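Colleague: Could you walk me through this model slowly, please? I am still learning how to read a structure.

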Amino acid sequence: MRKLLLASHGPLAQSMRETVQMFCGEDSRIKVLCAYIDSASMDVDELIDFWEKTREDGDEWIVLTDIYGGSVNNAFMNRLSDPSIRLIAGMSLPLVLEILVGLDSLDDEGLRALVKRIGVEGIKYCDVPGDIEIDEDF
């Protein structure tokens with residue numbers, strides 16, 4: 001089964017899961033890893049070791065971290081030799097929602113295309129309404 005792990009510095013991952021559940025309802029395929037929120041969560045590698053022990057054989061995981069190059073992302077980068085992990089940095093609500101909707105059907109190519117599309121289309125500078133360009137295909 002394919003599953004989703006949201007991993008962050010602080011409580012972002014937990015809050016992201018709660019927000020996603022407002023849109024999609026409860027989903028047992030979403031797990032969270034929140035680092036640096038208390039004395040028990042200061043060692044990211046220890047948190048990941050614990051998560052790995054709780055994984056079921058045969059599961060594939062898409063791991064979304066909050067920031068590329070941060071300690072949480074780097075700790076997962078060190079584990080990319082595990083073929084069951086796909087790692088994406090730059091967690092955002094649109095990205096999490098779209099991955100969740102396609103969780104069972106996204107292959108690696110589709111996942112890369114989704115990340116690229118959300119990266120390009122998902123962040124916009126919103127200026128004065130008169131300056132907005134309307135796409136003619138809209």
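Modeller: We can go topic by topic, beginning with charged pairs and ending with cysteines.

Colleague: Before that, where does the model come from?

Modeller: It is a predicted model, and the values I quote are computed from its atoms.

Colleague: Okay, how many salt bridges are there in the whole structure?

Modeller: A search of the whole structure gives 11 salt bridges. As background, side chains of opposite charge can pair when their charged atoms come close.

Colleague: Which residue pairs with D45?

Modeller: D45 makes a salt bridge with R79, and their closest N and O atoms are 3.4 Å apart. The two residues belong to distant parts of the chain, since D45 sits in helix 2 (residues 44-54) while R79 sits in the loop between helix 3 (71-77) and strand 4 (85-89), 34 residues apart.

Colleague: And which other residue does R79 bridge to, and at what distance?

Modeller: R79 also forms a salt bridge with E52, where the closest N and O atoms are 2.8 Å apart. This pair again links distant parts of the chain, with R79 in the loop between helix 3 and strand 4 and E52 in helix 2, 27 residues apart.

Colleague: Which residues make up the network around there?

Modeller: The network of salt bridges links D45, D49, E52 and R79.

Colleague: Is R79 buried or exposed?

Modeller: R79 has a relative accessible area of 13%, which is under the 20% cut-off, so R79 counts as buried. Its partner D45 is partly exposed at 37%, and E52 is partly exposed too, with a relative accessibility of 28%.

Colleague: What about E98, which residue does its side chain meet?

Modeller: The side chain of E98 meets that of R117 in a salt bridge, with 2.4 Å from N to O. Because E98 lies in helix 4 (residues 93-101) and R117 in helix 5 (residues 108-121), the pair ties together parts that are 19 residues apart in sequence. E98 is partly exposed, with a relative accessible area of 33%, and R117 is partly exposed with a value of 33%.

Colleague: Let's change topic to the inside. Which residues touch the most other members of the largest nonpolar core?

Modeller: That core has 21 residues, and the ones touching the most other members are L4, L6, I62, L64, V96 and I99. Strand 1 (2-9), helix 1 (12-24), strand 2, strand 3 (60-65), helix 4 and helix 5 each supply at least two of its residues, and helix 4 gives the most, with 5 residues. In soluble globular proteins, nonpolar side chains tend to be buried together.

Colleague: What does L6 contact, leaving aside its neighbours in sequence?

Modeller: Leaving aside neighbours within four places in sequence, L6 is in contact with several residues, including A13, M16, I30, L64, M91 and V96. Apart from the largest core lies another one, of 14 residues, among them A35, W51, A75 and I85.

Colleague: You mentioned M91, so where is its place?

Modeller: M91 is in the loop between strand 4 and helix 4, and with a relative accessibility of 10% M91 counts as buried. Not counting residues up to four places away in sequence, M91 touches L6, L12, L64 and D66, among others. The C-alpha atoms of M91 and L12 are separated by 9.2 Å, although the two residues are 79 residues apart along the chain.

Colleague: Now the outside: which residues form the nonpolar patch on the surface?

Modeller: The patch is formed by Y68, M77 and L80, which together have about 330 Å² of accessible area. L80 lies in the loop between helix 3 and strand 4, and L80 is partly exposed, with a relative accessible area of 38%.

Colleague: What is the phi of Y36?

Modeller: Y36 has a positive phi of about 65 degrees although it is not a glycine. For context, most residues other than glycine have a negative phi. Y36 is in the loop between strand 2 (30-35) and helix 2, and at 32% relative accessibility Y36 counts as partly exposed.

Colleague: Last one, how many disulfides does the count come to?

Modeller: The count comes to 0 disulfides. C34, for example, is in no disulfide, and the nearest cysteine sulfur, that of C24, is 19 Å away. The cut-off for a disulfide is 2.5 Å between the sulfur atoms, so C34 and C24 do not qualify. C34 counts as buried at 15% relative accessibility, whereas C126 counts as exposed at 68%.

Notes:
Residues are numbered from 1 along each chain as its sequence is written. This is a predicted model: local features need pLDDT of at least 70, side-chain atom pairs count only at pLDDT 80 or more; totals for chains, interfaces and linings use all residues. Side-chain values use heavy atoms; hydrogens and water are left out. A salt bridge is a side-chain nitrogen of Lys or Arg within 4 Å of a carboxyl oxygen of Asp or Glu. Helices (H or I, at least four residues) and strands (E, at least two) are DSSP runs, numbered from the N terminus. Buried means under 20% relative accessible area, exposed over 50%, partly exposed in between (1.4 Å probe, protein chains only). Patches are made of residues with over 30% relative accessible area and no salt bridge: like charges are joined within 9 Å, nonpolar side chains (Val, Leu, Ile, Met, Phe, Trp, Tyr) within 5 Å. Accessible areas come from the Shrake-Rupley method with a 1.4 Å probe; for residues, only the protein chains shown count as cover. A nonpolar core is a set of buried Ala, Val, Leu, Ile, Met, Phe, Trp, Tyr and Cys residues joined through side-chain atoms within 4.5 Å. Contact means heavy atoms within 4.5 Å.
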